[in-house]
Amino acid sequence: MAVSNLGTLAVYLTAQTGQFNNALRKARMSIAAFSGIVKTGIAASVATMGVLAVKGVQAYAEQEDAVNNLNAALSANGDSIDRYSQKFQDFASKMQSQTIFGDEATLETMTYGRNLGIVASKLEEATTAAAGLAAKYNIDLNSAMQLIGRASQGQTGTLARYGIILDDTLSKEEKFNQLLKIGVSNFSLAEAKANTFSGKMKQLSNAWGDMLEEVGKSIVEGANFKMMIDSAIKKIQKLTQRLKSIGGEASYMMQEITIYVKSSIDAISTVFKPFGTMAG
């Protein structure tokens with residue numbers, strides 16, 4: 001009876017051990033699978049953050065360029081940057097909230113308008129008019145600003161192509177103001193475009209761009225990227241000067257290295273040539 005019980009116990013323990021081993025193996029597989037998921041998730045998160053960082057820095061650089069170009073146009077035309085720059089940036093942000101035009105695009109158009117000769121005091125009205133003309137005549141914002149800029153200088157001949165007829169009895173300045181009124185009166189069309197599905201998608205894209213700009217700004221300013229880039233530039237310039245100073249010597253060294261590498265390859269080819277013949 002004891003022997004039989006011991007045999008039964010052995011069978012039972014063997015079965016239990018097998019079940020335990022199976023359970024342990026499944027647990028290990030589950031842990032491995034979970035670990036793989038976690039690693040994949042971490043890798044994906046890191047990759048996503050990397051993409052956001054790169055896109056953010058690019059967006060910040062583009063916005064910075066737009067502001068710098070505007071400031072340069074103001075300065076070149078004798079306008080006060082302190083008086084107008086931030087004011088125009090705020091106006092561009094407002095335009096973004098009302099239309100499909102991003103603040104960066106608006107700043108670029110304002111820069112273009114100032115360079116065309118539109119005085120700074122009229123630039124916001126001119127940009128509003130440009131948005132209205134762009135919506136009415138289905139042209140881009142810069143093309144609309146070009147029409148207005150030319151009109152500010154008395155060049156109104158191209159307006160007839162779009163069916164815009166100004167009063168010939170008016171002076172150059174009066175014609176310019178009449179065109180501004182026509183454009184501003186159609187600004188509601190630009191606002192209406194922003195309320196379409198495609199317009200909302202464009203506004204969503206603009207809002208996303210603003211978020212990326214803030215990400216880029218925090219990275220560039222927080223990590224002091226500009227100082228790091230300046231340091232890298234100086235080191236590269238120093239290395240370039242060093243290479244120039246040893247130009248002849250460096251050329252001779254490269255020739256020697258090339259000859260050495262070629263002779264080594266020839267030697268190796270000679271050693272393995274019989275094997276190649278045999279294989280053939």
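Tyr 60 is located in helix α1 of this predicted model. With a relative accessible area of 13%, Tyr 60 falls under the 20% limit and is therefore classed as buried. Its surroundings include residues from a distant part of the sequence: Tyr 60 and Glu 214 are separated by 154 residues along the chain, yet their C-alpha atoms lie 7.2 Å apart in space. When residues up to four places away in sequence are not counted, Tyr 60 touches Glu 213, Gly 216, Lys 217, Val 220 and Glu 221.

The chain as a whole contains 10 helices and 0 strands. Read from the N terminus, the order of elements is accordingly α-α-α-α-α-α-α-α-α-α. The chain has 280 residues, and 26% of them count as buried. Contacts between residues at least 6 apart in sequence were also examined, and 64% of these join residues at least 24 apart. The accessible surface of the chain amounts to about 18300 Å², and carbon and sulfur atoms account for 62% of this area.

The packing of two helices was then considered. Helix α3 comprises residues 103–115 and helix α4 comprises residues 123–137; their axes come within 10 Å and cross at roughly 115 degrees. The crossing of α3 and α4 is right-handed. On the α3 side, the residues that meet α4 are Thr 106, Met 110, Gly 113 and Arg 114, and their counterparts in α4 are Leu 123, Glu 124 and Thr 127.

Two residues of this contact were examined individually. Thr 127, in helix α4, has a relative accessibility of 0% and so counts as buried. Apart from residues up to four places away in sequence, Thr 127 touches Phe 91, Met 95, Thr 106, Met 110 and Met 145. Two of these partners, Thr 106 and Met 110, belong to the α3 side of the helix contact.

Arg 114, in helix α3, also counts as buried, because its relative accessibility is 7%. Leaving aside neighbours within four places in sequence, Arg 114 is in contact with Ala 73, Asn 77, Asp 79, Val 119, Ala 120 and Leu 123. Among these partners, Asp 79 forms a salt bridge with Arg 114 through its side chain, with an N to O distance of 2.6 Å. Arg 114 lies in helix α3 and Asp 79 in the loop between α1 (2–76) and α2 (81–98), so this pair ties together parts that are 35 residues apart in sequence. Asp 79 has a relative accessible area of 18% and is therefore buried. As noted above, Arg 114 is buried as well.

A search of the whole structure gives 4 salt bridges, among them the pair just described. Another joins Glu 125 and Lys 122, whose closest N and O atoms are 3.6 Å apart. Glu 125 has a relative accessibility of 33% and thus counts as partly exposed. Lys 122, with a relative accessible area of 25%, is likewise partly exposed. A further salt bridge links the side chains of Lys 175 and Asp 168, with an N to O distance of 3.8 Å. In this pair, Lys 175 counts as buried at 15% relative accessibility, whereas Asp 168 is exposed, with a relative accessible area of 66%.

Backbone geometry was considered at Asn 138, which lies in the loop between α4 and α5 (141–152). The phi angle of Asn 138 is near 55 degrees, a positive value in a residue other than glycine. Asn 138 has a relative accessibility of 65%; since this value is over 50%, the residue counts as exposed.

Finally, the surface carries a nonpolar patch formed by Met 254, Ile 257, Tyr 260, Val 261 and Ile 265. Together these residues have about 520 Å² of accessible area. One of them, Tyr 260, lies in helix α10, which covers residues 247–279. Tyr 260 counts as exposed because its relative accessibility is 58%. The two tyrosines described here thus fall into opposite classes, Tyr 60 being buried and Tyr 260 exposed.

Definitions and conventions. Residues numbered from 1 in each chain as written. Predicted model: local features only at pLDDT ≥ 70, side-chain atom pairs only at ≥ 80, totals over all residues. Heavy atoms only, no water. Helix = DSSP H or I, 4+ residues; strand = E, 2+ residues; numbered from the N terminus. Buried < 20%, exposed > 50% of the residue type's maximum accessible area, 1.4 Å probe, protein only. Contact = heavy atoms within 4.5 Å. Areas by Shrake-Rupley, 256 points an atom, 1.4 Å probe, with all protein chains shown as cover. Patch = residues over 30% accessible without salt bridge, like charges linked within 9 Å, V, L, I, M, F, W, Y side chains within 5 Å. Axes fitted to C-alpha atoms, helices over the stretch in contact; angles between N-to-C directions. Left-handed = near helix turned anticlockwise from the far one by under 90°.
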